[in-house]
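Visitor: I'm new here, so could you walk me through what we're looking at? I'll ask as we go.

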Amino acid sequence: MSRQMARPGGRSARVQASVHAAVHELASEVGRDALTVPLVAQRAGVTPSTIYRRWGDLQELLSDVAVERLRPDTAPGDHGALASDLTSWAEQFLNEMACPAGRAYIRDALLGDPDGSNAGQCSAYAADQINFILTRAAERGERTLDVETVIDRVVAPMMYRILFRPDGLDAAYARRLVAEILGPTGP
């Protein structure tokens, strides 16, 4: 993949921010399907060759934007207990990923991902959030699960349903998945 690492505060970071902002603005104004590299470049104030050099093509650019949009911007809420923390997180995750914009970002992240790095990054976002919740619960003295169990039994079924069977997904589904792994007395 032709993406380069952005240096915080450097030209690369400014270009990335400008191009990402242009994608968001133009997607709102003309629709995602009308986006082209020259259109994005013009709005971002860069040349099309800058975009091609950094991202390769439009799909890889949209994938990079999607991965950034899927990054959580806050730590999981503290509700005082593992069950309520994990349930609240699962409900929010499902709500954000299952909405039309969330599903579009997931598709974009995966479509422009020839080497699987974007899927890995998105998975790492969820794993980091879950690890945060489990670590906090352990620090409170609660028995916890391991991150992979939560990924396998909560996140994976939700993602499958979001991508392939989105009808009828609601907070009750997320609550049921969490309740099933915690059981009646916790882990």
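Visitor: Let's start small. In which helix does Ser 63 lie?

Guide: Before we dive in, keep in mind that this is a predicted model. Going through the chain from the N terminus, you meet nothing but α elements. Ser 63 belongs to one of those helices, namely H4.

Visitor: Is Ser 63 buried or exposed?

Guide: The cut-off for buried is under 20% relative accessible area. Ser 63 comes in under that cut-off, so it counts as buried, and its relative accessible area is 0%.

Visitor: Which residues is Ser 63 in contact with, leaving aside its neighbours within four places in sequence?

Guide: Two of the partners, Asp 108 and Ala 109, are buried residues of H6. The full list, with those sequence neighbours left out, is Asp 108, Ala 109, Leu 110, Gly 112, Asp 113 and Asn 118.

Visitor: Since H6 has come up, how far does H6 reach from its first C-alpha to its last?

Guide: H6 covers residues 100-111, which makes 12 residues. At 1.5 Å a residue you'd expect 16 Å, and the helix comes close to that. Its reach is 16 Å.

Visitor: Which residues of H6 are buried, and why do they line one face of the helix?

Guide: The buried ones are Gly 102, Ile 106, Asp 108 and Ala 109. Look down the axis of H6 and they line one face, because they fall within an arc of 165°.

Visitor: And which residues are exposed on the other side of H6?

Guide: Turn away from the buried face of H6 and you come to its other side. The exposed residues there are Pro 100 and Leu 111.

Visitor: What do the buried residues of H6 pack against?

Guide: Their partners are helices too. Going by number, these are H4 (58-70), H5 (82-98), H7 (117-139) and H8 (147-164).

Visitor: Which helix gives the most to the largest nonpolar core?

Guide: That core has 35 residues, and those with the most contacts inside it include Leu 86, Trp 89 and Leu 94. H4, H5, H6, H7, H8 and H9 (171-182) each supply at least two of its residues. The one that gives the most, with 8 residues, is H5.

Visitor: How many residues are in the other core?

Guide: It lies apart from the one we just looked at. You can pick out Val 23, Leu 26, Trp 55 and Leu 61 among its members. Its count is 16 residues.

Visitor: Back to Trp 89: is its aromatic pair with Phe 93 stacked or edge-to-face?

Guide: Trp 89 and Phe 93 are both buried. They sit 4 residues apart in H5, so about one helical turn separates them. Their ring centres are 5.0 Å apart with 25° between the planes, and the pair is stacked.

Visitor: Why is the pair of Tyr 160 and Phe 164 called tilted?

Guide: These two are 4 residues apart in H8, which means about one helical turn lies between them. Tyr 160 is partly exposed at 47% relative accessible area, while Phe 164 is exposed at 57%. Their ring centres are 5.1 Å apart and their planes stand at 50°, so the pair is tilted.

Visitor: Which residue lies over the face of Tyr 173?

Guide: Tyr 173 is also in contact with Leu 94. Over its face, at 5.0 Å from the ring centre, you'll find Arg 161.

Visitor: Let's try H7. Which residues does Ile 133 touch, not counting those up to four places away in sequence?

Guide: Ile 133 lies in H7 and is buried, with a relative accessible area of 0%. Leaving out those sequence neighbours, it touches Pro 76, Leu 82, Asp 85, Leu 86 and Trp 89.

Visitor: How far apart in space are Ser 123 and Ala 156, C-alpha to C-alpha?

Guide: Ser 123 is found in H7 and is partly exposed, at 38% relative accessible area. Along the sequence, 33 residues separate it from Ala 156. In space, C-alpha to C-alpha, the distance is 9.9 Å.

Visitor: One last thing: how many helices and strands are there in the chain?

Guide: The chain has 187 residues, and 37% of them count as buried. Its C-alpha trace spans about 60 × 35 × 25 Å along the principal axes. The tally is 9 helices and 0 strands.

Methods
Residues are numbered from 1 along each chain as its sequence is written. This is a predicted model: local features need pLDDT of at least 70, side-chain atom pairs count only at pLDDT 80 or more; totals for chains, interfaces and linings use all residues. Side-chain values use heavy atoms; hydrogens and water are left out. The expected span of a helix is 1.5 Å times one less than its number of residues. Buried means under 20% relative accessible area, exposed over 50%, partly exposed in between (1.4 Å probe, protein chains only). The arc is that of the directions from the helix axis to the C-beta atoms. Contact means heavy atoms within 4.5 Å. Rings of Phe, Tyr and Trp (its six-membered ring) pair if their centres lie within 6.5 Å; planes under 30 degrees apart count as stacked, over 60 as edge-to-face and the rest as tilted. A charge sits over a ring if NZ of Lys or CZ of Arg is within 6 Å of the ring centre and within 35 degrees of the ring normal. A nonpolar core is a set of buried Ala, Val, Leu, Ile, Met, Phe, Trp, Tyr and Cys residues joined through side-chain atoms within 4.5 Å.
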